[in-house]
Amino acid sequence: MQIPSVRVFVSGPVRLLWVLFTLGLLAGCAGPSLEDYRDREPALVPASFFTGELTARGVVKDYSGTVIRTFDAEITASWDEDGTGTLDEVFRFDDGEVQTRVWTLTPNGEGYRATAGDVVEPGQMRWQGNAIHMNYVLRVAYGDGTLDVRMDDWMYLITPDTLINQTTMSKWGIDVGEIVLVIQKQ
């Protein structure tokens, strides 16, 4: 028994919607590349910027772009003789919550492997010009449990002492929030 083939031809408004949807998906996949920042100054070298005492101030936004929290942070950064970095971060949120995170940046052929206690999928930190990019999965408190959220982290050195960090948070490929902060060397 042979099964006849069925061809579906989409025309008119449905076809236009399909084309627009497909283009939207493709545009969503496009984004900046580290190569775009290769010649930008001042040059951002993690072991140079993340050294000593740093402070940060920032906001957390929800999926609609509304600021839902603000915070201050203190960061103590150091590097050992093997080139492994430690960033000890203490965040103080406007609602009184205090969070700590200790990053370990281990050199590898592509930059640094970035790990922390609440990072369930380590990041690969790479940089060129004045930019750093890192993508990782962070376990965050949510309701009575936790939620694993993908973090797409971009940092840009604006002056030798000032870095702007923008992180898009997503779950199942859907953006659910954003973190924007400024980090200052002391």
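Q: Which residues form one aromatic cluster here?
A: That would be Tyr-37, Trp-154 and Tyr-156. Bear in mind that you're looking at a predicted model.

Q: How many aromatic pairs does a search of the whole structure find?
A: The search turns up 10 aromatic pairs. One of them is Tyr-37 with Trp-154, with 5.8 Å from centre to centre and 50° between the planes.

Q: What makes the pair of Tyr-37 and Trp-154 "tilted"?
A: Ring centres have to lie within 6.5 Å to pair, and here they are 5.8 Å apart. Planes under 30 degrees apart would be stacked and planes over 60 would be edge-to-face. The angle of 50° falls under neither heading, so the pair is called tilted.

Q: Why can we say that Tyr-37 and Trp-154 tie together parts of the protein?
A: Tyr-37 sits in the loop between α1 (12-29) and α2 (46-49), while Trp-154 belongs to strand β9 (residues 145-159). Those parts are 117 residues apart in sequence, so the pair links them. Both Tyr-37 and Trp-154 are buried, too.

Q: And what about the rings of Phe-91 and Phe-93: why is that pair given the label it has?
A: Their centres are 6.4 Å apart, which is within the 6.5 Å limit, so they pair. Their planes meet at 25°, which is under 30 degrees, so this pair is stacked. Phe-91 and Phe-93 are both buried as well.

Q: Thr-84 is in a loop, so is it buried or exposed, and why?
A: Thr-84 lies in the loop between β2 (67-79) and β3 (85-93). Its relative accessibility is 18%, and buried means under 20%, so Thr-84 counts as buried. Leaving out neighbours within four places in sequence, Thr-84 touches Ser-78, Trp-79, Thr-104, Leu-105, Thr-106 and Pro-107.

Q: Why does Val-176 get the exposure label it has?
A: Val-176 has 36% relative accessibility, which lies between the 20% and 50% cut-offs, so it counts as partly exposed. You'll find Val-176 in strand β11 (residues 174-185).

Q: What is Val-176 in contact with, apart from its neighbours within four places in sequence?
A: Its contacts include Lys-61, Asp-62, Tyr-63 and Val-149. Tyr-63 is 113 residues away along the chain, but the two C-alpha atoms are separated by 4.4 Å.

Q: What makes up the nonpolar surface patch of about 210 Å²?
A: Ile-158, Ile-164 and Val-182 make it. Take Val-182, which is in strand β11: a patch residue needs over 30% relative accessible area, and Val-182 has 33%, so it passes that part of the test. That value also makes Val-182 partly exposed.

Q: How do you know that β5 and β7 pair?
A: Pairing takes at least two bridges, and strand β5 (residues 111-115) and strand β7 (residues 123-128) have three, so they pair, in the antiparallel sense. Arg-113 stands opposite Gln-124 in β7.

Q: What joins β7 to strand β8?
A: Three bridges do, and the strands run antiparallel. Gln-128 has Ala-131 as its bridge partner in β8. The two strands form a hairpin with two residues between them, and Gly-129 in the turn has a positive phi of about 55°.

Q: How many helices and strands does the protein have?
A: There are two helices and 11 strands. Of its 186 residues, 32% count as buried.

Note on methods: Residues are numbered from 1 along each chain as its sequence is written. This is a predicted model: local features need pLDDT of at least 70, side-chain atom pairs count only at pLDDT 80 or more; totals for chains, interfaces and linings use all residues. Side-chain values use heavy atoms; hydrogens and water are left out. Helices (H or I, at least four residues) and strands (E, at least two) are DSSP runs, numbered from the N terminus. Buried means under 20% relative accessible area, exposed over 50%, partly exposed in between (1.4 Å probe, protein chains only). Contact means heavy atoms within 4.5 Å. Patches are made of residues with over 30% relative accessible area and no salt bridge: like charges are joined within 9 Å, nonpolar side chains (Val, Leu, Ile, Met, Phe, Trp, Tyr) within 5 Å. Accessible areas come from the Shrake-Rupley method with a 1.4 Å probe; for residues, only the protein chains shown count as cover. A salt bridge is a side-chain nitrogen of Lys or Arg within 4 Å of a carboxyl oxygen of Asp or Glu. Rings of Phe, Tyr and Trp (its six-membered ring) pair if their centres lie within 6.5 Å; planes under 30 degrees apart count as stacked, over 60 as edge-to-face and the rest as tilted.
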